[in-house]
Amino acid sequence: MRIHMLYGKSESQENLKIPKKQAHRPAVDLTRCTRCGGCLEVAPDIFQFNEAAGYLEICELDYYDESLVDEAIKNCPEDCLYWEIDEGTNQKI
Ligand code: SF4
């Protein structure tokens with residue numbers, strides 16, 4: 001058995017791309033959500049209904065596919081989906 005490395009990172013580890021946790025996330029205004037299910041059709045891995053609580057939830061993920069979230073935002077009939085904005089930097093958080 002060969003040992004390639006005892007300390008430090010191997011070349012394959014150096015090239016490994018581990019996505020950082022995304023700095024922004026989608027959110028929903030539950031006061032306006034009618035539970036139509038449109039966002040679940042667009043992005044079922046991002047949005048889900050909490051049947052016990054009776055409202056829409058955003059799944060806890062490290063990364064949100066921006067094109068899918070943007071598509072859900074664009075198609076929400078109640079205009080209640082949005083990206084959370086950092087008020088200090090005016091950027092998505
Ligand atoms: S598309 Fe909008 S109104 Fe419909 S369930 Fe999703 S957040 Fe609620």
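Trainee: Hi! Which residues does L81 touch, leaving out those up to four places away in sequence?

Mentor: Hello! L81 touches P26, V28, C39, A72, I73 and C76 on that count. Keep in mind that this is a predicted model.

Trainee: Does a core come into this, and what is in the largest nonpolar one?

Mentor: L81 belongs to it, together with V28, C39, V42, A43, I46, F47, L56, Y64, V69, A72 and C76, which gives 12 residues. Helices α2 and α3 each supply at least two residues of this core. In soluble globular proteins, nonpolar side chains tend to be buried together.

Trainee: What share of the protein is buried, then?

Mentor: Buried residues account for 14% of the 93 residues.

Trainee: Let me step back to the fold. How many helices and strands are there?

Mentor: The protein has 3 helices and 6 strands. Along the sequence they come in the pattern α-β-α-β-β-α-β-β-β.

Trainee: And how much of the contact map is long-range, say residues at least 24 apart?

Mentor: Taking contacts between residues at least 6 apart in sequence, 61% join residues at least 24 apart.

Trainee: Which strands pair in the antiparallel sense over 4 bridges?

Mentor: That would be β2, residues 47–50, and β3, residues 55–58. At the hairpin end, N50 stands opposite Y55 in β3.

Trainee: What about the residues between those two strands?

Mentor: There are 4 of them in the hairpin, and G54 takes a positive phi near 85 degrees.

Trainee: Which residues other than glycine have a positive phi?

Mentor: R35 and D79 are two to look at. R35 has a phi of about 60 degrees, and the phi of D79 is near 55 degrees. Most residues other than glycine have a negative phi.

Trainee: Where do R35 and D79 sit in the chain?

Mentor: Both are in loops. R35 is in the loop between β1 (26–28) and α2, while D79 is in the loop between α3 (66–75) and β4 (81–83).

Trainee: Is D79 buried or exposed, and why?

Mentor: D79 counts as exposed because it has 10 C-beta neighbours inside 10 Å, and the limit for exposed is 12 or fewer. R35 has 13 such neighbours, so it counts as partly exposed.

Trainee: New topic: the ligand. Which residues come nearest to it?

Mentor: Of the 14 residues around the ligand, the nearest are C33, C36, G38, C39 and C76. C39 and C76 also appear in the list of the largest nonpolar core.

Trainee: What is the make-up of that shell?

Mentor: It divides into 9 nonpolar, 3 polar and 2 charged residues.

Trainee: G38 caught my eye. Where does it lie, and what does it touch?

Mentor: G38 lies in helix α2, residues 38–42. Not counting residues up to four places away in sequence, G38 touches N75, C76 and P77. G38 is partly exposed, because 16 other C-beta atoms are within 10 Å.

Trainee: How far is G38 from I73?

Mentor: They are 35 residues apart in sequence, and their C-alpha atoms are 9.8 Å apart in space.

Trainee: Last one: what is the average pLDDT, and where does it stay under 50?

Mentor: The average is 81, and 66% of the residues score at least 70. Over residues 1–10 the pLDDT stays under 50, and the model has 3 contacts beyond four places in sequence for that stretch.

Methods:
Residues are numbered from 1 along each chain as its sequence is written. This is a predicted model: local features need pLDDT of at least 70, side-chain atom pairs count only at pLDDT 80 or more; totals for chains, interfaces and linings use all residues. A residue is buried if 20 or more other C-beta atoms lie within 10 Å of its own, exposed if 12 or fewer, and partly exposed in between; C-beta atoms are placed from the backbone. Two residues are in contact if their C-beta atoms, placed from the backbone, lie within 7 Å. A residue is near a molecule or strand if its C-beta atom, placed from the backbone, lies within 6 Å of it. Ala, Val, Leu, Ile, Met, Phe, Trp, Tyr, Cys and Pro count as nonpolar, Asp, Glu, Lys and Arg as charged, and the others, Gly among them, as polar. Two strands pair if DSSP finds at least two bridges between them. A nonpolar core is a set of buried Ala, Val, Leu, Ile, Met, Phe, Trp, Tyr and Cys residues joined through C-beta atoms within 7 Å. pLDDT is the predictor's confidence in each residue, from 0 to 100.
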